[in-house]
Amino acid sequence: MQARGTAVQENDGQGPDDTFRILHVSTGNVCRSPITERLTRHALAERLGPARADAVLVESAGTWGHEGAPMETHAAAVLTDLGADPAGFVGRELLDEHVIRADLVLTATRDHRAQVISMGHSAGLRTFTLKEFTRLVRAIDPATLPDPEPEGAVVVRARALVRAAAALRGWLLAPSPDADEVHDPYGAPITYFRSIGAEIQQALDPVVTALTGIDGRE
């Protein structure tokens, strides 16, 4: 699919020095990726404070995105229950420009990951399923990453984390194909949405800890 709007420079994982962009991808961009986007924003703001968290831009889109659609009602309810803010969300179709600008793409499933990578833009080394990235991040020694404390260092640390995860991917395989999947709750009852929300939050916690150097349990 072709990008709309003005041309955007290809991203080699070294975008603007002062911003690190995370793109969450699912199918319709009304359930899983909105939950993941808003939970990531919430966790970053809690650990870094709003000012420092602004250095990490978190967005989402869908491979069959419902352009302009609101978040699914159950997804919004789950976000509220988890302390995050669903307000103002608008669904988007995944475009080339979203992938080009992203420093890290986290998808709900392996199929989504394959679709992002097939778009090109050197996306292979910075595109993972969420659970795959979590597994890889757990294996990275935080002491090998840059200190996140100096001004702007969260961005440097985040880029180093992506490179380290990409280097581990061929060595640390999933225990089963299903282990890297976050299943689609669309059309399911609120109880299933809650289980998916908890699953996403659990997968995100070590990722945000690695990005920020701050454990959410402290």
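User: In what order do the four strands of the open sheet stand?

Analyst: This is a predicted model. Its open sheet of four strands has parallel pairing. The twist averages 25 degrees from one strand to the next. The order is β2-β1-β3-β4.

User: Which are the edge strands?

Analyst: An edge strand pairs on one side only. That holds for residues 56-62 and for residues 127-129. The edge strands are β2 and β4.

User: Which residue in β4 does Thr107 stand opposite?

Analyst: Strand β3 covers residues 104-107. Three bridges join β3 to β4, and the two run parallel. Opposite Thr107 stands Thr129.

User: Which strands does helix α5 touch?

Analyst: Helix α5 spans residues 110-118 and packs on the sheet. Its direction makes about 170 degrees with that of β4. The strands that α5 touches are β1, β3 and β4.

User: Is α6 parallel, perpendicular or oblique to α8?

Analyst: Take helix α6 (residues 130-138) and helix α8 (residues 190-212). Their axes come within 9 Å and cross at roughly 40 degrees. Angles under 35 degrees would count as roughly parallel, and 65 to 115 as roughly perpendicular. The angle fits neither class, so α6 is oblique to α8.

User: How many residues of the contact of α6 with α8 are nonpolar?

Analyst: In α6, the residues that meet α8 include Leu130, Phe133 and Val137. In α8, Ile200, Leu204 and Val207 are among those they meet. Two residues of this contact are polar and three are charged. The nonpolar ones number nine.

Methods: Residues are numbered from 1 along each chain as its sequence is written. This is a predicted model: local features need pLDDT of at least 70, side-chain atom pairs count only at pLDDT 80 or more; totals for chains, interfaces and linings use all residues. Side-chain values use heavy atoms; hydrogens and water are left out. Axes are lines fitted to C-alpha atoms, for helices over the stretch in contact, and angles run from 0 to 180 degrees between N-to-C directions. Angles under 35 degrees count as roughly parallel, over 145 as roughly antiparallel, 65 to 115 as roughly perpendicular and the rest as oblique. Contact means heavy atoms within 4.5 Å. Ala, Val, Leu, Ile, Met, Phe, Trp, Tyr, Cys and Pro count as nonpolar, Asp, Glu, Lys and Arg as charged, and the others, Gly among them, as polar. Two strands pair if DSSP finds at least two bridges between them.
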